[in-house]
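I opened my notebook beside the viewer today and wrote down what I looked up, one entry at a time. Feel free to follow along.

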Amino acid sequence: MDRKELEAKVIELVAMAYGKDEADITVDTDIKEDLGGTSVMMVGLVSEIENELDAMVPLQIASACKTVGDLVDKIEEEM
């Protein structure tokens, strides 16, 4: 999976976890400010990342990511 495919998949998972439209999410989307949500949503997202992408990103690291792109970077490191 190349970087663009990974970005698209992560955006799809973020949209699903946060109940947002994929079209409204980019790698520059600020997870906390633009998406809001709860810690339960992040737990769900981390779980989906593990299931769909077979990448183990600890919740603490995922939660510390500012943007969707930062999260993609962390996932890429784990793949």
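**Entry 1: the fold**

I began with the elements and found 5 helices and 0 strands in the protein chain. I am working with a predicted model here. Read from the N terminus, the order of elements is α-α-α-α-α.

Next I looked up the overall dimensions. The C-alpha trace of the protein chain spans about 25 × 25 × 20 Å along its principal axes. I then asked what radius of gyration to expect for a compact globule of 79 residues. The expectation is near 12 Å, and the protein chain has 11 Å, so the two agree.

**Entry 2: surface, burial and contacts**

I noted that 37% of the 79 residues count as buried. The exposed area of the protein chain comes to about 4600 Å², with carbon and sulfur atoms supplying 49% of it. For contacts with a separation of 6 or more, I found that residues 24 or more positions apart account for 56%.

**Entry 3: charges**

I counted 7 positive and 20 negative charges in the protein chain, and their mean positions are 5 Å apart. Side chains of opposite charge can pair when their charged atoms come close. How many salt bridges does a search of the whole structure find? The search returns 7.

**Entry 4: Arg3 and Glu7**

I started the salt bridges with Arg3 and Glu7, whose side chains meet at 2.8 Å, N to O. Both residues sit in helix H1 (residues 3–18), and their spacing of 4 residues is about one turn of the helix. I checked whether each is buried or exposed. Arg3 is partly exposed at a relative accessible area of 28%, while Glu7 is buried at 13%.

This pair has company. I found Arg3, Lys4, Glu7, Asp73 and Glu76 linked in a network of salt bridges.

**Entry 5: Glu52 and Lys9**

My next stop was the salt bridge between the side chains of Glu52 and Lys9, at 3.2 Å, N to O. Which parts of the chain does the pair link? I placed Glu52 in helix H3 (residues 39–53) and Lys9 in helix H1, so to speak distant parts of the chain, 43 residues apart. Glu52 is partly exposed, with a relative accessible area of 43%. Lys9 counts as buried, at 18% relative accessibility.

**Entry 6: Asp30 and Lys66**

I then looked at Asp30 and Lys66, whose side chains form a salt bridge of 2.5 Å, N to O. Asp30 lies in the loop between H1 and helix H2 (31–35), and Lys66 lies in the loop between helix H4 (59–64) and helix H5 (68–78). The pair therefore ties together parts that are 36 residues apart in sequence. Asp30 counts as buried, at 10% relative accessibility, whereas Lys66 is partly exposed, with a relative accessible area of 49%.

**Entry 7: Ile31**

From Asp30 I moved on to Ile31, which I found in helix H2. Ile31 counts as buried, at 3% relative accessibility. What is Ile31 in contact with, once its neighbours within four places in sequence are left aside? My list reads Tyr18, Gly36, Met42, Cys65, Lys66, Thr67, Val68 and Leu71. I also looked up the spacing to Leu71, which is 40 residues away along the chain: the C-alpha atoms of Ile31 and Leu71 are separated by 9.3 Å.

**Entry 8: Val68**

Val68 was on the Ile31 list, and I looked it up in turn. Val68 is in helix H5 and counts as buried, at 0% relative accessibility. With neighbours within four places in sequence left aside, Val68 is in contact with Val10, Ile11, Ile25, Thr26, Val27, Thr29 and Ile31. I noted one further spacing: the C-alpha atoms of Val68 and Ala15 are separated by 11 Å, with their positions 53 residues apart along the chain.

**Entry 9: a backbone detail**

I finished with Asp54, which has a positive phi of about 55 degrees although it is not a glycine. Where is Asp54 placed? I found Asp54 in the loop between H3 and H4. Asp54 is exposed, with a relative accessible area of 67%.

Key. Residues are numbered from 1 along each chain as its sequence is written. This is a predicted model: local features need pLDDT of at least 70, side-chain atom pairs count only at pLDDT 80 or more; totals for chains, interfaces and linings use all residues. Side-chain values use heavy atoms; hydrogens and water are left out. Helices (H or I, at least four residues) and strands (E, at least two) are DSSP runs, numbered from the N terminus. The radius of gyration is taken over C-alpha atoms; the globule rule is 2.2 Å times the number of residues to the power 0.38. Buried means under 20% relative accessible area, exposed over 50%, partly exposed in between (1.4 Å probe, protein chains only). Contact means heavy atoms within 4.5 Å. Accessible areas come from the Shrake-Rupley method with a 1.4 Å probe; for residues, only the protein chains shown count as cover. Lys and Arg count as positive and Asp and Glu as negative; His and the chain ends are not counted. The place of a charge is taken as NZ of Lys, CZ of Arg, CG of Asp or CD of Glu. A salt bridge is a side-chain nitrogen of Lys or Arg within 4 Å of a carboxyl oxygen of Asp or Glu.
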